[in-house]
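Reader: Could you walk me through the ligand site in this one? I'd like a close look at what lines it and which atoms touch.

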Amino acid sequence: MVDRLVVIGASHAGCRLAFAAREEGFEGEVVLIGAETAPPYQRPPLSKGYLKGSVPLAALRLKSDAAFAEARITLRLGTTVTAIDRAAKEVVLAGGERLAYSKLALTTGARVRRLSVPGADLDGVLHMRDLADADALAAAAKAGRRAVVVGGGFIGLEAAASLRGLGLDVAVIEAEPRLSARVFPPRLSEWLRDLHEAHGVTVRLGAQVVEIVGRDGRVAGVRLADGTKVSCDLVVVGIGVIPADDLARDAGLAVDRGVLVDASGLTADPDVAAAGDCARHPNPWAPRPGAPIVLESVQNAADQARVAAAALFGRPTVHDAVPWFWSDQYDAKIQMAGLPDPDDEILLRGDPASGRFSLLHLRDGRLAAVDSVGWPQDHMAARRLLATRPVVDRARVETHTGPLADLCSPG
Ligand SMILES: Cc1cc2nc3c(=O)[nH]c(=O)nc-3n(C[C@H](O)[C@H](O)[C@H](O)COP(=O)(O)OP(=O)(O)OC[C@H]3O[C@@H](n4cnc5c(N)ncnc54)[C@H](O)[C@@H]3O)c2cc1C
């Protein structure tokens, strides 16, 4: 019988899982299969330094060839898995080859959500998920002068900041009444809007794109629901992602906008795990603790992959790491720890005008999440402190500028 771990998807989660299998003492074969042709790379810089040209391609590599060789991980790039045959314990590759597995991991990530309006397929309508997308956007930015970014979430706003840095005129079109409304409290949305407007970006809120207008097959502008046309040479669509769960669904595994896994990262089939952007898992940090959620972050991909590898090889643990995330826009570093709930009580610490402040989220009177801008010490402290769900000394939050820990007690 074959003794082989097959990992489908060679990115943040897949790489971590493959290496973690070795850390778990697995001595069999490890095959990491990825549809992309580039060696596994870091995705976050794509909309930041790589797009701006300040971070070279070589710096994106997740692991060197030597590291893969040393860990005896076979990389099969430019290779797409088209099906999983769980009865035979084989994966089917494009072209028909079948590869047997004893353990299987799904780390297939997510795909971009596309606009469904007339003109969405025109030349110059671009997305931002992988290296090819980033290269296409960088090339379009060189040739263009005016960009419209559809979507005021992280990806859209990072792309807007980078394109602005490259000298383009940029307009951000957001359907919600404020920026990044899904993840940020109003105070931070307002601060972000000010930040982008101060850099010369036009921000249009509550605006719906109803058509991408073309000329000679190329994008020439976008039309909004109120009839306004915003002219541009390129459109970046950043309206979210969809978990890549079709392989799992077709293989008879349970999916619900993501592959359903337990707290250890296993599906209902004990030989099949899933991790990263494709996996919906019960998370103790969710606003409703333990609710199944998909977390789209590098930290989640890495931590969940490590836990999933342990479970596959007989050492089930629980994926309960404090979630954290970051976004770089212009010179601002925005860092989040914990998961927000729209009903959180928000306390402001520091001065937004200074570019150094934190928003403390209180839930049931206890610290549940912290958003920090230009205050990495607060972010690092929050990641540590949140694990204990401390009580916050409200009376001192506004005035105390020392360590966050000084404001927290077990309560
Ligand atoms: C532009 C951008 C900026 C980001 N910035 C940040 C940030 O600042 N901080 C942060 O924490 N997170 C950020 N993220 C999110 C983070 O990159 C993702 O959460 C992370 O990449 C998830 O890793 P993953 O391995 O689960 O999935 P992915 O990175 O999506 O990788 C999945 C891989 O699986 C491959 N695949 C899929 N199906 C198959 C198949 N059938 N056969 C073979 N291969 C397959 C795909 O080609 C892909 O390479 C950013 C994402 C993007 C796109």
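Author: Here is the ligand site, piece by piece, with a short look at a few spots elsewhere.

Some ground rules: this is a predicted model, where local features need pLDDT of at least 70, side-chain atom pairs count only at pLDDT 80 or more, and totals for chains, interfaces and linings use all residues. Residues are numbered from 1 along each chain as its sequence is written, and side-chain values use heavy atoms, with hydrogens and water left out.

Okay, the shell. The ligand is surrounded by 32 residues, where a residue counts as near if one of its heavy atoms lies within 4 Å of the molecule. The closest are S11, E36, R43, K48 and R129. By type, the shell splits into 14 nonpolar, twelve polar and six charged residues; nonpolar here covers Ala, Val, Leu, Ile, Met, Phe, Trp, Tyr, Cys and Pro, charged covers Asp, Glu, Lys and Arg, and the others, Gly among them, are polar.

Where do these residues come from? Domain 1 (4-111 + 241-312) and domain 2 (114-237) both contribute to the shell, so the ligand lies between them; the bounds come from an automatic or database domain assignment. At least two shell residues each come from α1 (12-23), α8 (298-312) and β22 (324-329). Those elements are DSSP runs numbered from the N terminus, with helices being H or I of at least four residues and strands E of at least two.

Now the polar contacts, meaning pairs of N or O atoms within 3.5 Å; within protein, one must be able to donate a hydrogen and the other to accept it, and residues adjacent in sequence count only if both atoms are side-chain atoms. E36 uses its side chain: an N or O atom there sits 2.6 Å from a ligand oxygen. The backbone joins in too, with a polar atom of A13 at 2.9 Å from a ligand oxygen and one of A35 at 3.0 Å from a ligand nitrogen. The protein covers 93% of the 1,000 Å² of accessible area that the ligand has on its own, by the Shrake-Rupley method with a 1.4 Å probe; for residues, only the protein chains shown count as cover.

One follow-on from β22: Y330 is in the loop between β22 and β23 (332-338). Its phi is near 55°, a positive value in a residue other than glycine. At 14% relative accessibility, Y330 counts as buried (under 20%; exposed is over 50%, partly exposed in between, with a 1.4 Å probe and protein chains only).
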